[in-house]
Structures are given as C-alpha cells and as structure tokens.
Amino acid sequence: MREAAQADARREFEERLAECGPLAFRVARGVLRNTADAEDVAQEALLRAYKSFDRLRDRNRFRGWLVRISFRLALDRLRSAKRREQRDTLWAKPEHVPPVANAEEIAASNQFQGHLDRALEELPEKFRLVLLLSAMDGYTIEEIASMIAVPLGTVKSRIFIARKKLAEKLRCYANTINMR
Amino acid sequence: MLCEHDKHALIEVAASGATLQGELRPHLGECASCRSTFDEERSLFSAIDSGLHASANAEVPSSLLPRVRAQLDEVVAPRFRWLQPLVFGSASVALAFAVFLMARPHHATPEEIAKHAPEVVPAPTVPATSKNPEGTSPEGTQSAAIPVRHSHAARNSTDRHFSASSNPEVLVPPDEREGLARFVATLNQRRDFAAAFLAQRPEKKDALVTVDPLQIPDIEIKPLEGTETEASDGAGEKH
C-alpha cells in the first residue's frame, strides 16, 4: 500500500521533472551566474521538493513552490560565497581575481553584463525573482503571477519598477560601454 | 522646462516598453535632444533585457536530470517521518523511568526488615550411608545446603534468583555429620541432659588472683651415716 503510494508519487514527480528541472536551474543560474553552482543548487532544490512532495496538497502549485525553493537556496549560496570571499580577502588580501568562468560564460560576458549582474544583486528579492522569471522564455506574466501566487498587477508593477531601478544604476555606463 | 518633462515621460515609456502616444510623438519629431534621450533609454532597456534574457535562459546542463534521477533512487521519502522522533522520545522516557526505578535505593522500615528476616530451617540429616551418586564432591566431603526460607514471597524474579543463589553451603565431612547426628539423637533421648547442656552457665566473677609467699620450712642438717667411720679409718692410716 505504502510502496504503491510512493511509486505513484515518484511517477508524478518524474512527469514534472522534465519541465521544472530546467526552471529550477535557470532561477539558480540567474542568481548565481555560475553554471556549476546553479546545477548543484537546482539538484538540491529538486531533491528537497521530492522529499516533501507528499506534503504538497495542491500539485498545481508545484512550479512556484520549486521556484521559491531554488531561489532561496541560490540566495543562501550566494551569501555564503560572499562571506567566504570576504573572509579570504581579510586573511590573504590577494589581488582582485575575477571569478573562474567556463568558456561559455567567458564568451557571453562583457563589461555591461558585469555591471548588470551587480545591479541585479542590489535589487530587492521580490523584484529580482519576478524580473528573472519574466526574462525566461516560455512564461507569460499571467503564468508568473500564478506561479508565485501574486496578483497580475503586482507582477507588472514589480517588473516595471525593477527595470527602472536597473536603468538608474546602469545609465552612467550606457555611454561608455559597448551595449549588445 | 517642457523638454525636461517630456524626457521624464519618454523614460517611462521606454521602461514600460510601450509605444509613443499622444503629444510625445510629434515632440520627438521636432526635438533632437529628446529623440536622442529616448533612443539612449531604449538602447539601455534593450541591453538590460538582453542581459537578463542571456542570464535567465542559460543552457541547462545535460547532466542535471540524470543526476537528479539517480539521487531520487537513493531517497526514500518517509511517509511517517513525524512519527520517528515521537517513538524515539517515548522509548527514551520509558527507559529512563525504568532505570530510575531500578537504581532507586529501597528504604525499608525496621518492621519490614524484621518481617523479611530469613528463617533458618534445620537441614535434613543425611544418612551416613548415602553416597554422592555423581561423585562430583571432593573425596571425604559432601556438600549440604542449609536452606534459608524467606517468610515473604519474592517480589520479582530478580530477587528470587538472588535469594536462591545466595543460600550458604556448608561443607561437612561425613564423619562429623555422623557424629552430629548421633549427638542430636542422644539429645532427643535424654531431655534432661539436653536441658543441662543448653542451660546457661552461672556467671563467675573473676576473683583477684593472690600469690601467697612460699613457705619454706627450716632446714635441719643431719650428718650422713658412715662419715665418722671413714674419718677414723683415715686417721689410723696416718698414724
């Protein structure tokens, strides 16, 4: 009886995994901007979601639930990485070394992207999550509102405010950088 | 002033991504400054959107889903996870209570001690002719257990085991046992003798020991017989 219920839960979870796995990864990648870290975080988020899957009564909220788990885990990892970096800097005081990136990230990066990433980090979490989700392919604003259980108007206003905040921070770089 | 107001409105339009409407559209055709500002703002928001899109739509590693599936196999989702701490907690409390009960010192009242005092029952006499059938006892001695019967029932199996294992065993040689049996038989036959034997002796107070001086009578020295004869004989020879 119990094994059958577990098998059902496993099957149901696997059906959602193909769609929601990339979503969890992209949310983490948007926060961390590092593919390897984002993969670890997405994996952990999916495992946590699976362990608590039987406690989720409304399965239609699975995507938003998973997005929040992944977003929270990514923020935690980003903060701990920053603390570690500060601690290392205090002890060793090395020269400023840019974070290690793979070839894909090196190819995609430019000066503006660095400024954008820093500006994104300074955004409040509620604006950052909505902005990340709105930038992803395949999700409309209505779907985002349903996903994070926020009214449609709130999502629109958050996107608008977030973009304006980013523009305020990046305007001083607009004339000096080679925008893509 | 009018241009500054229009610039602010142009930034709002660029941020919202909407198209120019109303008075702004003809003004943009006339004012090169505002047109330039609007173009810069649109470029800026376009760059932001482009950067966000690149960041948010990174290619998903192909190893992600297989890794997650592999870990799902190792995870056993416990349905009654909340029950485990409850069971462990209850078991711990019960165990601690049992240990407390066993380790608690038992304070018995004097009445209870007197009531629980063991009653010694004389051991049945073993016939002198009986032999140890197994021959496990050492040669010349046999073990005879003196049973100790407790007047109270044992409270639990532990006490019972302890009392049974603590019965004293007295090793009595067969000849001594035979002599004791004869002595008891004699006592049974002669009650008066037994009463006299078991009666308490009157206490004797220790008297002071006095040492009398030795009485030595006067010594009378008598001459030995024949001494005069020898003396006269000797004188006769000298002469």
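**Exercise 1. Is E122(A) buried, partly exposed or exposed, and at what relative accessibility? Then describe the salt bridge that E122(A) makes with K169(A).**

Before starting, note that this is a predicted model, in which local features need pLDDT of at least 70 and side-chain atom pairs count only at pLDDT 80 or more, whereas totals for chains, interfaces and linings use all residues. Residues are numbered from 1 along each chain as its sequence is written, chains are lettered from A and ligands numbered from 1 in the order in which they are written, and side-chain values use heavy atoms, with hydrogens and water left out.

*Step 1.* Apply the classes, in which buried means under 20% relative accessible area, exposed means over 50% and partly exposed lies in between, with a 1.4 Å probe and protein chains only. E122(A) has 52% relative accessibility and therefore counts as exposed, while K169(A), at 33%, counts as partly exposed.

*Step 2.* Check the pair against the rule for a salt bridge, which asks for a side-chain nitrogen of Lys or Arg within 4 Å of a carboxyl oxygen of Asp or Glu. The side chains of K169(A) and E122(A) satisfy this rule with an N to O distance of 3.1 Å.

*Step 3.* Place both residues, using helices (DSSP runs of H or I, at least four residues) and strands (runs of E, at least two), numbered from the N terminus. Because K169(A) lies in helix α8 (residues 152–174) of chain A and E122(A) in the loop between α5 and α6 (125–135), the pair ties together parts that are 47 residues apart in sequence.

**Exercise 2. Which parts of chain A does the salt bridge between D117(A) and R33(A) tie together?**

*Step 1.* Begin with the geometry: the closest N and O atoms of D117(A) and R33(A) are 3.3 Å apart. Side chains of opposite charge can pair when their charged atoms come close.

*Step 2.* Locate the partners: D117(A) belongs to helix α5 (residues 111–121) and R33(A) to the loop between α1 (2–32) and α2 (35–51), so the bridge connects parts of chain A that are 84 residues apart in sequence.

*Step 3.* Consider the surroundings: D117(A) is buried at 13% relative accessibility, and R33(A) is partly exposed at 22%. Helix α5(A) is itself mostly covered, with 8 of its 11 residues buried, including F112(A), L116(A), D117(A) and L120(A).

**Exercise 3. How many helices and strands are there in chain A, and what share of its 180 residues is buried?**

*Step 1.* Chain A contains 8 helices and 0 strands, and along the sequence the pattern reads α-α-α-α-α-α-α-α.

*Step 2.* Buried residues account for 43% of the 180 residues. The accessible surface of chain A, obtained by the Shrake-Rupley method with a 1.4 Å probe and, for residues, with only the protein chains shown as cover, comes to about 10100 Å², of which carbon and sulfur atoms hold 51%.

*Step 3.* Taking contact as heavy atoms within 4.5 Å, 72% of the contacts in chain A between residues at least 6 apart in sequence join residues at least 24 apart.

**Exercise 4. How many residues does each chain give to the contact between chain B and chain A, and how many salt bridges are counted there?**

*Step 1.* Chain B gives 42 residues and chain A gives 47. The buried area, that is, the accessible area (1.4 Å probe) that two parts lose on being put together, summed over both, is about 4100 Å², with 59% from carbon and sulfur atoms.

*Step 2.* There are 7 salt bridges between the chains, among them the one from D73(B) to R10(A), whose closest N and O atoms are 2.7 Å apart.

*Step 3.* On chain B, the elements that give two or more residues to the side touching chain A are α1 (2–16), α3 (32–56) and α4 (64–74), and α3(B) supplies the largest share, 15 residues.

*Step 4.* A further salt bridge joins R67(B) and E39(A) at 3.2 Å, N to O, crossing from helix α4 of chain B to helix α2 of chain A. R67(B) is partly exposed, with a relative accessible area of 33%, whereas E39(A) is buried at 9%.

*Step 5.* Finally, follow the shared partners: salt bridges join D37(A), E39(A), D40(A), R77(A) and R67(B) into one network.
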